[in-house]
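Work through the exercises below with the sequence and the 3D structure at hand. Each task is followed by a solution in steps.

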Amino acid sequence: MFLLTAACLFFLILGFTYLRMRGSGVAEDVGANSNDKQIKIKVFILPGEHECGSSIQRNLTVQEAAAYLKNLDPEYESVLNTSLQWILNSGEDVGIKCLSNDPNEMDVTNVTDVKYLESTSPKMSFRCRFRRAFVNVTHRLSIVLWGIAMVWGVLHYMKYRWAKEEEETKQMYDMVVKIIDVLRSHSEACSENKELQPYMPILHVRDSLIPPQDRRKMNKVWNRAVDFLAANESRVRTETRRVGGAEFLVWKWMQPSAACDKILVIPSKVWQGQAFHLDRRNSPPNSLTPCLKIRNMFDPVMEIGDHWHLAIQEAILEKCSDNDGIVHIAVDKNSREGCVYVKCLSPEYAGKAFKALHGSWFDGKLVTVKYLRLDRYHHRFPQALTCNTPLKPSNKHMNSMSHLRLRTGTTNSQGSS
């Protein structure tokens, strides 16, 4: 369909361009005498032949015009000046332009200054007009297509760069997590074996994490991870040590204090209370479907690691710990809205989950919930058709609810005091 439209548009433009090049759009010869018409015949043809490449001469000299009229009829030669004067005095486009020897002189008013005659609308053959129109349209379309190709190329390159930058950022965060795991594990090993040095050369950490064949490709990601640790990680200290007779930059894991250990036990992703109370205005009275769509549970750009989605599922199950009807949870990892999909055994269980989740604060984001039709849910997640076993949290610690417990405990202690 697109090619057909493009072809029709091409031939339409070609037709308009051909009509503009016909050379027949001259003014009517009102008041023109016969010898002027005879001059036009010759003057029209000559520039057209020049434009078509069959003649090197574009205009006709006055002497050639006089000779041409004399060959037609000797009487025409005597009235040539009269015809030229009529052309100059007419003030209209009669199809013939009078020129002097001076190319800068646009308007000639004296017959004695007229040296050349040139047509304002050259007469060309059909073949020549069509060829010129085709070349003109093709040239213009090629410029337009070239411009479109340039814009498309720039947009495609920018999209590629954005995707590559996003991928490198994700790889950098993954690398940071791996580095911290290596340093923490080494620190724990040092606490058990006092013969081990409490630091690790940075290059040794790199060589243990990145295979030799990938080090050149991952060099930029590694450098970004090193800079990120230096600027944002207080538990990792960079020092200079002599190892094996050579100076190395090393990392040393700084063991947090006991107070910090208590803080680290609390996970970063926690439920932070209710933003508003549910009523008839913001909560449907009855659910007609057992499926839910939950928004703002996460930010895909900020998540790191390969199993972060499991923490999201665990947080939902902990928030709905008194709900025995949740049978399927799906985290859309690529969702910019942070969407999570939940299926329950019945609409009643879905309504209970709705009231537990909708309007809650989670990890600094306001969670919203809406109902989703069962057929649409199964169309997107066919594996959910056979799910009928209620899901439960993996442990009893309820880590995502610890912030609420801590805040409730603090409030109660303040009230007692």
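**Exercise 1.** Locate asparagine 296 and describe its backbone and exposure.

Step 1. Asparagine 296 sits in the loop between strand 8 (291-295) and helix 10 (308-319); helices (H or I, at least four residues) and strands (E, at least two) are DSSP runs, numbered from the N terminus.

The model is predicted, so local features need pLDDT of at least 70 and side-chain atom pairs pLDDT 80 or more, while totals for chains, interfaces and linings use all residues. Residues are numbered from 1 along each chain as its sequence is written, and side-chain values use heavy atoms, without hydrogens and water.

Step 2. Most residues other than glycine have a negative phi. Asparagine 296 is not a glycine, yet its phi is positive, about 65 degrees.

Step 3. Its relative accessible area is 29%. Buried means under 20%, exposed over 50%, and partly exposed in between (1.4 Å probe, protein chains only), so asparagine 296 is partly exposed.

**Exercise 2.** Do the same for aspartate 363.

Step 1. Aspartate 363 lies in the loop between strand 11 (360-362) and strand 12 (365-366).

Step 2. Aspartate 363 has a positive phi, near 55 degrees, and is a residue other than glycine.

Step 3. The relative accessible area of aspartate 363 is 22%, so this residue is partly exposed.

**Exercise 3.** Which classes of residue line the second largest pocket, and how many are in each?

Step 1. Ala, Val, Leu, Ile, Met, Phe, Trp, Tyr, Cys and Pro count as nonpolar, Asp, Glu, Lys and Arg as charged, and the others, Gly among them, as polar.

Step 2. The lining has four nonpolar, three polar and eight charged residues.
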